[in-house]
Amino acid sequence: MSACPTRHQLLSHSAFREILSPERTITVHSQGLATSLRRALESYRVSGARLIMAQGALETIRNNLAETFTDETLPVLADMIELASRYQEVSGRQALRVRLEKVTTDSCRKFHVDCVGLRLLRTYDGPGVEWTADGGLNIHQAPDGAVVFLKGKHFPGWPEATSVHHRSPRLSVLPSEKRYRLLLTIDEAGACGASMDSPVMIAA
């Protein structure tokens, strides 16, 4: 008998809550990219905006971004909203900041900890985030499409002594056609000093 899809989904959602354990500062969840999502990501690479950021309640974010996506790229928005909903469940935050960015240059190259509470990352296309738990002696990288939760310095009881530091992978060492990442970042609204007066930002 095949496994129940609903049960698998519930187990996946429950796994996301592992980041709340006091001894964890990172969790990495391998999540395959559906064929429809991969096709949408290919279209987004060609026609999608360089940067999209929206803040507020989930439905507000969905409504504000709907016209930014074409019929071909709508599966990307659907996945973003699904992950934002999962972030709400884990973090307990209802107002969020959702950011989708095409990255083509080296950025955030030093290992660091974010000045946020809890952050969700998913690299839809390109190399995933790198992290270390021992000062760089051993460096790990998130696999293709993985959903990563990271505790930041503002997380209650953040354990500085045992924290994981992360960085963006270096793109400049790759062949020119591979110097591309499509990165989703989800935080609570107002993270990193983002102004609540500007609920939507779109850069072509």
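This is a dialogue about reading the sheets, one helix pair and the largest pocket of a predicted model.

Trainee: Let us start with the sheet of seven strands; in what order do the strands lie, and is the pairing parallel or antiparallel?

Mentor: To read a sheet, one follows the strands from neighbour to neighbour and asks how each pair runs. Here the seven strands form an open sheet in the order β1-β7-β4-β9-β3-β2-β10, and their pairing is antiparallel. At its edges stand β1 (26-29) and β10 (200-203), each of which pairs on one side only, and from one strand to the next the twist averages 10°.

Trainee: How many bridges join β2 and β3, and which residue of β3 is the bridge partner of M53?

Mentor: Strand β2, residues 51-56, pairs with β3 in the antiparallel sense over six bridges, and M53 has R99 in β3 as its bridge partner.

Trainee: Which strands make up the sheet of three, and why is one side of each edge strand left without a neighbour?

Mentor: That open sheet has the order β6-β5-β8, again with antiparallel pairing. Strands β6 (140-141) and β8 (165-167) are at the edges and have a single partner strand each, so one side of each lacks a neighbour in the sheet. Between β5 (residues 130-132) and β6 there are two bridges, paired in the antiparallel sense, and W131 has H140 of β6 as its bridge partner.

Trainee: Turning to helices, at what angle do α3 and α4 cross, and is the crossing left-handed or right-handed?

Mentor: For two helices, one looks at how their axes approach and at the angle between them. The axes of α3 (residues 58-65) and α4 (residues 74-91) come within 10 Å and cross at roughly 165°. Since an angle over 145 degrees counts as roughly antiparallel, α3 is therefore roughly antiparallel to α4, and the crossing of the two is right-handed.

Trainee: Finally, how much space lies in the largest pocket, and which residues lie nearest its centre?

Mentor: A pocket is read through its space and through the residues that line it. The largest pocket holds about 420 Å³ of space and is lined by 21 residues, with C108, R119, S168, L183 and T185 nearest its centre. Strands β3 (96-103), β4 (118-125), β8 and β9 (181-188) each supply at least two residues of that lining, and β3 gives the most, with five residues. By character, the lining of the largest pocket divides into six nonpolar, seven polar and eight charged residues.

How values were computed: Residues numbered from 1 in each chain as written. Predicted model: local features only at pLDDT ≥ 70, side-chain atom pairs only at ≥ 80, totals over all residues. Heavy atoms only, no water. Pairing = 2+ DSSP bridges. Helix = DSSP H or I, 4+ residues; strand = E, 2+ residues; numbered from the N terminus. 1 Å grid on protein atoms, 1.4 Å probe; cavity = no way out; pocket = protein on both sides within 12 Å on 5 of 7 lines; lining within 4 Å. Points joined across faces, edges and corners; volume = space filled by probe spheres on them. Nonpolar A, V, L, I, M, F, W, Y, C, P; charged D, E, K, R; others polar. Axes fitted to C-alpha atoms, helices over the stretch in contact; angles between N-to-C directions. Parallel < 35°, antiparallel > 145°, perpendicular 65-115°, else oblique. Left-handed = near helix turned anticlockwise from the far one by under 90°.
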